[in-house]
Amino acid sequence: MSSLSLHPTPSAIEYPDSDGEPMAENTLQWSWIVMIMCGLDALFKDDPLVFVAGDHLWYAVEGDPTIRQAPDVYVAFGRPKGHRGSYQQWQEGGIAPQVVFEILSPGNRAGAMRLKFEFYERYGVEEYYIYDPDERQLSGWLRSGQELRMIPEMIGWVSPRLKVRFEFADGDLQLIRPDGQRFRSYIEVIEQEEESRKALEQKTERFEKQSKQLERLEAQLRALGIEPNLIEPNE
């Protein structure tokens with residue numbers, strides 16, 4: 001006589017790629033999520049074993065799709081780059097994302113944030129950072145044993161994993177790379193590229209102007225029977 005199992009096998013369990021929640025509640029929150037995620041992605045672009053994601057479901061326990069969170073931004077060291085529908089920890093060598101960022105919005109509730117903290121503490125996050133862009137407040141926690149303990153002073157703090165320094169300028173958060181450059185928004189990157197392009201165009205115009213002046217001077221000297229021996233203009 002055959003028996004019917006009441007418990008689905010792990011292979012039959014679905015781990016949805018979406019939790020049905022919005023990626024962000026407002027444009028301010030979204031802009032910070034994108035800037036931090038893209039800044040970290042750029043920082044580790046040459047390391048094939050650093051995976052960066054934003055608003056991406058992380059399933060911590062095989063066989064139970066209810067044990068999950070979708071951090072605003074997370075970094076998993078030791079995991080290869082590449083597209084994933086979700087981060088299933090048992091398929092990632094058992095490695096939990098080591099660094100997590102949450103960007104607050106007015107809709108965040110204390111109870112939900114407490115559950116997130118408990119999840120990150122329980123399932124192995126080493127560094128946890130929360131930024132409130134409306135209040136311009138930054139908090140951070142660092143793992144000590146089985147606990148995440150609050151970092152007493154975040155201004156000037158350097159992330160042990162990321163090597164990124166947290167600073168405030170004009171009252172707003174800045175993330176400073178190890179090379180001293182700060183994380184920039186996409187618009188700031190485009191503006192910087194445009195400034196560099198304009199500077200190059202101006203330099204090219206000056207060079208062409210100097211070249212034409214030398215050509216005229218050479219022609220004048222030759223008209224006087226003098227063979228010019230002029231120095232070419234510097235680029």
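Buried residues account for 34% of the 235 residues in the protein, and since the model you have open is a predicted one, everything on this tour is read from computed coordinates.

**The whole chain**

Colour the chain by secondary structure, and you should find three helices and eleven strands, which follow one another from the N terminus as α-β-β-β-β-β-β-α-β-β-β-β-β-α. With the surface switched on, about 14800 Å² is exposed, and carbon and sulfur atoms supply 51% of that area. Of the contacts between residues at least 6 apart in sequence, 57% join residues that are at least 24 apart.

**The six-stranded sheet**

Select next the open sheet whose six strands are ordered β1-β4-β6-β7-β8-β9, with mixed pairing. Its edges are formed by β1 and β9 (147-150), each of which pairs on one side only. On average, neighbouring strands of this sheet are turned by 15 degrees against each other, direction ignored. Within the sheet, look at β4 and β6, which pair in the antiparallel sense over three bridges; here Val 75 has Val 99 in β6 as its bridge partner.

Now add the helices that pack on this sheet. Helix α1 touches β1, β4, β6 and β7, and its direction makes about 160 degrees with that of β6. Helix α2 (residues 110-122) also packs on the sheet, where it touches β6, β7, β8 (137-144) and β9, and its direction makes about 160 degrees with that of β7.

**The nonpolar cores**

Show side chains for the largest nonpolar core, which has 26 residues; those touching the most other members are Ile 36, Leu 40, Val 75, Phe 101, Leu 162, Phe 166 and Leu 175. At least two core residues come from each of α1 (27-43), β1 (50-54), β4 (73-77), β6 (99-103), β7 (127-132) and β11 (172-176), and α1 gives the most, with six residues. Centre the view on Phe 101: leaving aside neighbours within four places in sequence, Phe 101 is in contact with Ile 36, Leu 40, Pro 71, Asp 72, Val 73, Tyr 129, Leu 162, Phe 166 and Leu 175. Apart from the largest core lies another, of 20 residues, which includes Phe 51, Trp 58, Tyr 128 and Leu 148.

**The three-stranded sheet**

Trp 58 leads on to a second selection, because strand β2 (residues 58-59) is joined to β5 by two bridges, the two strands running parallel. Trp 58 stands opposite Tyr 87 in β5. Together with β3 these strands make an open sheet of three, in the order β3-β2-β5 and with mixed pairing. Since β3 (68-69) and β5 (87-88) stand at the edges with a single partner strand each, one side of each is left without a neighbour in the sheet.

**A buried glutamate**

From β5, follow the chain into the loop between β5 and β6, where Glu 92 is found. Is Glu 92 buried or exposed? With a relative accessible area of 6%, Glu 92 is buried. The side chains of Glu 92 and Arg 84 are joined by a polar contact of 2.6 Å, and, neighbours within four places in sequence aside, Glu 92 is in contact with Arg 79, Arg 84 and Tyr 87.

**The β10–β11 hairpin**

Finish at strand β10 (residues 165-169), which five bridges join to β11 in an antiparallel arrangement. Ala 169 has Asp 172 in β11 as its bridge partner, and in this hairpin, which has two residues between the strands, Asp 170 takes a positive phi near 55 degrees.

Technical notes: Residues numbered from 1 in each chain as written. Predicted model: local features only at pLDDT ≥ 70, side-chain atom pairs only at ≥ 80, totals over all residues. Heavy atoms only, no water. Helix = DSSP H or I, 4+ residues; strand = E, 2+ residues; numbered from the N terminus. Buried < 20%, exposed > 50% of the residue type's maximum accessible area, 1.4 Å probe, protein only. Contact = heavy atoms within 4.5 Å. Areas by Shrake-Rupley, 256 points an atom, 1.4 Å probe, with all protein chains shown as cover. Pairing = 2+ DSSP bridges. Core = buried A, V, L, I, M, F, W, Y, C linked by side-chain atoms within 4.5 Å. Polar contact = N/O pair within 3.5 Å; in protein donor to acceptor, adjacent residues only side chain to side chain. Axes fitted to C-alpha atoms, helices over the stretch in contact; angles between N-to-C directions.
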